[in-house]
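Student: I would like to work through the pockets of this model and the surroundings of its ligand, one point at a time.
Tutor: Then let us take the structure as our starting point.

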Amino acid sequence: MNATVLGERLRSGGVENAAQEAHWMLALAKRKGGDAATADAWLEEWVRRRIAGEPFQYIVGSVEFYNIELTVGPGVLIPRPETELLVEHALEVLDGQPAGTAVLDLCTGSGAIPLAMAHERPELDYTGIDLSPEALQWAEKNFARLQPPRCRFLRGDLFAPLGQPQPRFRLITANPPYVSPIEYRQLPAVVKNYEPRMALEAQEDGLALAKRIADEARKFLVPGGWLLMEIGETQGGRMRGWLQSLGYSSVEILRDLAGRDRIAQAQKEK
Ligand SMILES: C[S@@+](CC[C@H](N)C(=O)[O-])C[C@H]1O[C@@H](n2cnc3c(N)ncnc32)[C@H](O)[C@@H]1O
């Protein structure tokens with residue numbers, strides 16, 4: 001199958017980004033090796049599933065994120081390009097920090113954030129936590145493939161697996177679920193029918209988890225340590241207020257290239 005035929009089949013099946021996806025599918029089929037008939041068999045299956053509405057990344061089983069490739073599938077959120085901005089800022093905050101500096105990523109899902117950071121700064125010490133055993137299976141798969149030297153994944157509710165609070169992290173990152181129950185109902189079918197609800201939806205207008213993280217993080221950050229959280233585009237003002245009320249300094253809401261509030265950044269008192 002060539003790109004034109006593939007693109008046309010995807011387009012007529014209602015796939016919006018048909019030409020681009022056709023191109024990606026062909027490249028991946030080629031990378032899998034085998035002869036033309038084997039590649040065509042893969043492509044046939046992928047087209048069928050894609051037209052049935054399954055997300056592209058689940059079908060091909062991978063997604064590029066920052067400078068790494070992650071394995072993904074049912075049970076885990078597909079890392080989004082906007083989360084790369086969080087990694088970028090996180091790496092800035094870690095600039096000049098010595099080997100062994102401790103970094104925590106909550107709501108880690110596929111492990112995208114710590115694994116991308118570990119690819120750039122392998123000498124730092126990473127912990128990723130998630131409540132979902134299915135999500136963590138993907139994080140462990142990615143860990144096994146990428147083999148970062150200092151990274152571990154734990155299962156549990158936010159900070160719970162860490163036991164007694166101790167100020168030991170220089171940076172805490174999180175991309176928590178932040179879609180409100182009302183917004184959740186309006187998400188496209190390709191998201192709602194396939195990606196886990198617990199990865200997306202949060203109570204209190206989407207801020208329940210983010211607020212808990214900000215509150216509890218104070219006990220786990222070293223003095224002068226940073227908290228960086230991805231937020232929804234309507235949540236900047238409320239998160240700023242919440243972080244300030246908790247006594248954080250240098251509170252900033254960072255925007256993405258489209259000018260939307262995207263990251264809440266705050267520092268624990270030195
Ligand atoms: C938006 S996804 C982010 C996944 C990944 N960090 C990324 O950016 O692609 C949120 C993740 O939070 C996890 N989660 C939801 N509630 C949690 C809780 N109470 N404690 C820990 N993880 C939780 C979900 O299982 C999901 O993997």
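Student: Which residues lie nearest the centre of the largest pocket?
Tutor: This is a predicted model, and in it the largest pocket holds about 1500 Å³ of space. Its lining comprises 50 residues, and those that lie nearest the centre are Ile 78, Arg 80, Pro 81, Glu 82 and Glu 195.

Student: Which helix gives the most to the lining of the largest pocket?
Tutor: Several elements supply at least two residues each to this lining, among them α3 (36–51), α5 (83–93) and the strand β1 (62–65). The most, 5 residues, comes from α2.

Student: How many residues of the lining of the largest pocket are charged?
Tutor: By class, the lining of the largest pocket divides into 24 nonpolar residues and 11 polar ones, while the charged residues number 15.
The shell around the ligand, for its part, has 11 nonpolar and 6 polar residues, and its charged residues number 2.

Student: In which pocket does the ligand sit?
Tutor: The ligand is surrounded by 19 residues, with Cys 107, Asp 130, Asp 157, Asn 175 and Ala 199 being the closest. The pocket in which the ligand sits is the second largest.

Student: Which residue places a polar side-chain atom 2.9 Å from an oxygen atom of the ligand?
Tutor: Backbone atoms serve the ligand's nitrogen atoms, with a polar backbone atom of Leu 131 at 3.2 Å from one nitrogen and a backbone N or O atom of Leu 158 at 3.0 Å from a nitrogen. The side-chain contact with an oxygen atom of the ligand, at 2.9 Å, belongs to Asn 175.

Student: What percentage of the ligand's accessible area does the protein cover?
Tutor: On its own, the ligand has 600 Å² of accessible area. Of that area, the protein covers 95%.

How values were computed
Residues numbered from 1 in each chain as written. Predicted model: local features only at pLDDT ≥ 70, side-chain atom pairs only at ≥ 80, totals over all residues. Heavy atoms only, no water. Near = heavy atom within 4 Å. Polar contact = N/O pair within 3.5 Å; in protein donor to acceptor, adjacent residues only side chain to side chain. Areas by Shrake-Rupley, 256 points an atom, 1.4 Å probe, with all protein chains shown as cover. 1 Å grid on protein atoms, 1.4 Å probe; cavity = no way out; pocket = protein on both sides within 12 Å on 5 of 7 lines; lining within 4 Å. Sits in = over half its atoms within 2 Å of the grid points. Nonpolar A, V, L, I, M, F, W, Y, C, P; charged D, E, K, R; others polar. Points joined across faces, edges and corners; volume = space filled by probe spheres on them. Helix = DSSP H or I, 4+ residues; strand = E, 2+ residues; numbered from the N terminus.
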